[in-house]
Amino acid sequence: MSIQSKDQLLEFVHEAVRNTPVTDIHTHLFAESFGELLLWGVDELLTYHYLIAETFRYRQDLSYEDFWQMTKREQADLIWQTLFIEHTPYSEACRGVVTVLNRLGFDVGKRDLEKYRSYYAHVSASEYIDRILELAKVKTVVMTNDPFDAYERERWAEGGSVDPRFLAALRIDPLLNLWDGTWPKLAEQGYDVKEDLSGSTLAEIRRFLKDWIARMNPLYMAVSLPNDFAYPEDSVRARIIDECIIPVAREAAIPFAMMIGVKRKVNPSLKDAGDSLGKSDIGTVERIVSKYQDVKFLVTMLSRENQHELAVTARKNRNLLIFGCWWFLNNPSLIEEITRMRFELLGGSIIPQHSDCRILDQLLYKWDHSRGIIAKVLYDKYADLFDAGWRLEEDEIKRDVEDLLGGTFWKFLGKPDPAA
Ligand code: FIX
Ligand code: ZN
């Protein structure tokens, strides 16, 4: 059926974007079998590191040590009091908590934290996973799986995820960013590696990666990289990329995901909330993706200033798929600007968003907020076509939206969507 008016178009696009199930390609969520790694509930929501950073801005008198010594519940109380009672919660991260509570059916007008807490006391993790995934209309969640974390390694030894809604991504930051502290850990795990990369070290790193690929069956290998990441370069990082990551990605036929532009620990006292960002050199991305055209790259960049050149670089390299509005870009004004620009340069050959959720409940707000913006921008693009006489079929709109919310990712991987 074709769309006959702009009013009809507006309604159909918003409804399609609101109701199409999502493949969330990068999160920090875990399946239930990963035990304490799966975070959920109101105290976790309130102690999200985004909110910790915002709280300290209003608490000049609070020492970092005192804050970190509090229990999670005490931290949550302080954050609630500071950001939601003494101030109005309109920053994006604060608004997110309000959206979640509202979507769970609470009366947010009452501002009754104890009431919200009491609800969570009566719900199990498995019920809650079902409830949130259903409410958020998220069908598949890609985890961030760290083979250097002892607790997580034990969970993999017990079998990993048996829940088909939670799929793995092999995260290798320590290998590429902290080699000094990482090679002894590889040695402990039985790999014959040396600090100076001599002897069998590179072959052993490849063996390590292949072992974990066999264990996790990850959809991709991923790393976050600093804003001054350079390639090519005479460095341990560049050698491990060239001689280990690339050949293993090629052999396993999985992409290498690069998340570029983070400045870790600019304020170490803030822990996870103490990371920042910087502009990167797009030449680095250009050189690596054009050198290895037979390898697929998923790339997101953290700085707003890099977004235009990254989109242009994707026009030149079909093995590069750009994804998401990462972290400090995950704000309505920036999502709108970036999504509009990407649609204009790349049409639908992008992954407009991932959630980066750390707490299960956040799926409700991250996706609700992003869906609204994606629908708005998509409508504008369709409306321009409508004005030029192009008439869209409903099925064409559904196809486009399914691609944006997951289809493009699965096609890029060359795998069928298991939840389709
Ligand atoms: O490196 C990453 O995957 C980042 O997304 C996180 O480390 C970061 O702390 C975050 O939560 C951003 O949203
Ligand atoms: Zn992340």
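**Ligand 1 and the zinc ion in a predicted model**

Author: Around ligand 1 stand His26, His28, His49, Tyr50, Arg171, Ser224, Met259, Arg264, Trp326, Trp327, Asp356 and Arg358. In this predicted model, local features need pLDDT of at least 70 and side-chain atom pairs pLDDT 80 or more, whereas totals for chains, interfaces and linings use all residues. Residues are numbered from 1 along each chain as written, chains are lettered from A and ligands numbered from 1 in written order, and side-chain values use heavy atoms, without hydrogens and water.

Reader: What makes a residue one of those around ligand 1?

Author: One of its heavy atoms must lie within 4 Å of the ligand.

Reader: How do you know that His49 and Arg171 make polar contacts with ligand 1?

Author: A polar contact is a pair of N or O atoms within 3.5 Å. A polar side-chain atom of His49 is 2.9 Å from a ligand 1 oxygen, and for an N or O atom in the Arg171 side chain the distance to a ligand 1 oxygen is 2.7 Å; both pairs therefore qualify.

Reader: Why are His26, His28 and Asp356 called donors of the zinc ion (ligand 2)?

Author: Donors are N, O and S atoms within 2.8 Å of the metal (3.2 Å for Na, K and Ca). His26 (NE2), His28 (NE2) and Asp356 (OD) coordinate the zinc ion at 2.0 to 2.1 Å, so they meet the limit. Water is not among the atoms, so the site may look incomplete.

Reader: What spacing do the donors follow along the chain?

Author: The spacing is H-x1-H-x327-D. His28 and Asp356 link distant parts of the chain, 328 residues apart.

Definitions and conventions:
A polar contact is a pair of N or O atoms within 3.5 Å; within protein, one must be able to donate a hydrogen and the other to accept it, and residues adjacent in sequence count only if both atoms are side-chain atoms. Helices (H or I, at least four residues) and strands (E, at least two) are DSSP runs, numbered from the N terminus.
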